[in-house]
Amino acid sequence: MENIQTLRNAILLPQTGSMRAFIIATILLLGLAGQGLAQRKVNKMNGLTEASVTKRKYNKQWIKMRQHGLPSFATSVGVNGGIANFMYDDPAIASFGRYTLIHAPQLTFHINPSKFAGFNLGLGYRSTMFSYSTSGSFSNDSIMAIANGEWQQKFGNIGISLGGVYYVNIAKQMSNCTGFGISNATTAHLFIDMGITLAPSLFNEVYFVGNFNEFVNGELKNSGEYDKYTIMYNEKPRREAMFFYYAKLGIRVQNESFSTRIGPVFEYQLNTNRGIANDFTATTTSIMMYGLCLAFEFY
C-alpha cells in the first residue's frame, strides 16, 4: 500500500513526461526488490535458500549424516522359530510329525562401532520336541534292548550367541525438513548377521508308549509295557551343550528411536548329542533349523 500511495503522489505531481516515467520505473523496481528480499527471508527460514557452492556442500553433508542413521548401541527383544530337522543315521529309528525349534524370548545387544558393521550379543531360551518310533533290538556297550513303540523327547536350552553383522542402506524417507537442523526420518537397512550359539541344556525329558525289555550283560534288568506316554527319564540333563552356526538375512526398518527386524534365519548344529531311544542305542542326533526371525529394537 505504501508503494502504491507513493506511486500515486508521484504521478499527480506536475512534472514532465520523461521525469514522470523515470519516477514510476524506479518505484516499481524498488517494490519488486523488496518483495524478492522478503521471499528470500521466508525461503531461508524454511530451508529453501538459493543454490550456491556452500549451500550445496552443507546439503550433501547433512544428507550423508542422515543417510545411515545406525545407533551405536541398541537392545532388541525378539523371537526366532522354524522347522527343525533332526538328523541321525539309525535305520531302525523313524521320525514322525513336524518339529519346531523356538527361541523366545531372545534378548540381544547390538553394538555398532561404524555405520556399516557391528556385532551382537544375545541370550535366549530355546525349546523343541523330537518324536520318533523304534522297532527291533538295539545295543549300546553292554546294554541291549528290544523296544517297540513311540518316543517323545522334550528338551530346553539357554542360548548364548555372538555374531557379526553388516548393514547396507537401502531406503531413506524424510518426514520433514527444517533448514539444516534435525529431521525425523525413516531408514531401512539390509542386514546380514552370522555367528555362533552355545546352548547348554536345562532339561531333557524322554516319554515312551509301547513295550521294551532291557538287558545288561545278557541279564534282564528292566522291562515295561505302557499304553500311554509315560516318562522314562527326567533327571539332570544328559544332552551335552549344543553348538550352532547361525545366519540371518533380513530387513531393518528404523523410525526415530524404534526399529523392527525381520527376515529368514538358518541354524546348523556343529556337534552331536547322544540320548536317543533312552540310550538303548549309540545313535547320535543333530539339528538343522530354518525359519523366521522377528525382533523389536529400542535405543
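Leaving aside its neighbours within four places in sequence, which residues is W151 in contact with? Contact here means heavy atoms within 4.5 Å. On that basis W151 touches F130, S131, Y132, T134, V206, Y207, F208, Y229, M232, A277, N278 and F280.

The model is predicted: local features need pLDDT of at least 70, side-chain atom pairs count only at pLDDT 80 or more, and totals for chains, interfaces and linings use all residues. Residues are numbered from 1 along each chain as its sequence is written, and side-chain values use heavy atoms, with hydrogens and water left out.

The protein has three helices and 12 strands, taken as DSSP runs (helices H or I, at least four residues; strands E, at least two) and numbered from the N terminus. Of its 299 residues, 35% are buried, that is, under 20% relative accessible area with a 1.4 Å probe, protein chains only. Of the contacts between residues at least 6 apart in sequence, 72% link residues at least 24 apart.

The largest nonpolar core (buried Ala, Val, Leu, Ile, Met, Phe, Trp, Tyr and Cys residues joined through side-chain atoms within 4.5 Å) holds 26 residues, and W151 is listed with F86, Y132, F280 and I287 as having the most contacts inside it. The strands below each supply at least two residues of this core.

| Strand | Residues |
|---|---|
| β1 | 73–87 |
| β4 | 117–134 |
| β6 | 143–174 |
| β8 | 201–216 |
| β10 | 242–255 |
| β12 | 286–298 |

The largest share, four residues, comes from β6.

S161 also lies in strand β6. S161 is buried, at 11% relative accessible area. Beyond four places in sequence, S161 is in contact with N120, L121, G122, I196, T197 and Y246.

How values were computed
Buried means under 20% relative accessible area, exposed over 50%, partly exposed in between (1.4 Å probe, protein chains only).
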